[in-house]
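Please read these notes with the model open beside you, taking the points one at a time.

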Amino acid sequence: FFFSAYPRQARPSRIASNHFFPLTNATMSHLMRPHYIDKQTNIIYDTNNADFEGWLTKQSMWLKDWRRRYFILKGSKLFFSKTNYSAPHGMIDLSQCTTVKSADLKSKKRNSFEISTPELTFLLYADTEKEKDDWIGSVGKSIVRCSNTYYQNSSTVGGGGHGMPGGGAAMQDEEEDYDDDDIYENDEHNEYFND
């Protein structure tokens, strides 16, 4: 038995796939996702009207196995759940994160990236390189918006690094820091990319 809030003909064609769910006013007005309740603080977070959402595969913290989860980015919080409309069972607070970057070599998985805090590193991978790049961009924007540097830059005339000590040297370091995962593209003999 399949329950849907959509009439059969109005259902988005990709709803059953493992790709991005189209976010439109019509679809969001019918489907509501359960809230996330933080077990430590009992704070209730609304997960509807996400900034970005879709399927990723995440490495579990303790067993180190890979589990497919639905991720919901809303503001500075990244929630994850077993299905796209079940209650999220986990959250990554992006205000505590320092970096998001490609991690194909580290994870030994194609299209992977890592989200790092001072204490933890979360390894994830997407189905395609485009989805990986979209996630890195969206999570990166959220991390930047939470940082003091973002607020310092936006409060100065002209922005663009003027509020940063060192005149924007951190941006130059980021441009030089790259992941050379593209050297493994189309390599059928590399055991790490042939799951």
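**Notes on the pocket lining and the chain**

1. The lining of the second largest pocket is mixed in character, since its residues divide into ten nonpolar, seven polar and eight charged. Please keep in mind while reading that this is a predicted model.

2. The second largest pocket encloses about 790 Å³ of space, and 25 residues line it. If you want a place to begin looking, the residues that lie nearest the centre of this pocket are Phe80, Gly90, Met91, Leu120 and Phe122.

3. Which elements give two or more residues to the lining of the second largest pocket? They are strand E4 (66-74), strand E5 (77-81) and strand E6 (90-93), and of the elements it is E6 that gives the most, with four residues.

4. Turning to the whole protein chain, you should be able to find five helices and nine strands in its secondary structure. Followed along the sequence, these elements come in the pattern α-β-β-β-β-β-β-β-α-β-β-α-α-α, which you can trace from one end of the chain to the other.

5. The protein chain has 195 residues, and 39% of them are buried. Among the contacts in the chain with a separation of 6 or more, 42% are made by residues 24 or more positions apart.

6. As for the surface, the protein chain exposes about 12200 Å², and 51% of that area is supplied by carbon and sulfur atoms.

Methods: Residues numbered from 1 in each chain as written. Predicted model: local features only at pLDDT ≥ 70, side-chain atom pairs only at ≥ 80, totals over all residues. Heavy atoms only, no water. Buried < 20%, exposed > 50% of the residue type's maximum accessible area, 1.4 Å probe, protein only. Contact = heavy atoms within 4.5 Å. Areas by Shrake-Rupley, 256 points an atom, 1.4 Å probe, with all protein chains shown as cover. 1 Å grid on protein atoms, 1.4 Å probe; cavity = no way out; pocket = protein on both sides within 12 Å on 5 of 7 lines; lining within 4 Å. Points joined across faces, edges and corners; volume = space filled by probe spheres on them. Nonpolar A, V, L, I, M, F, W, Y, C, P; charged D, E, K, R; others polar.
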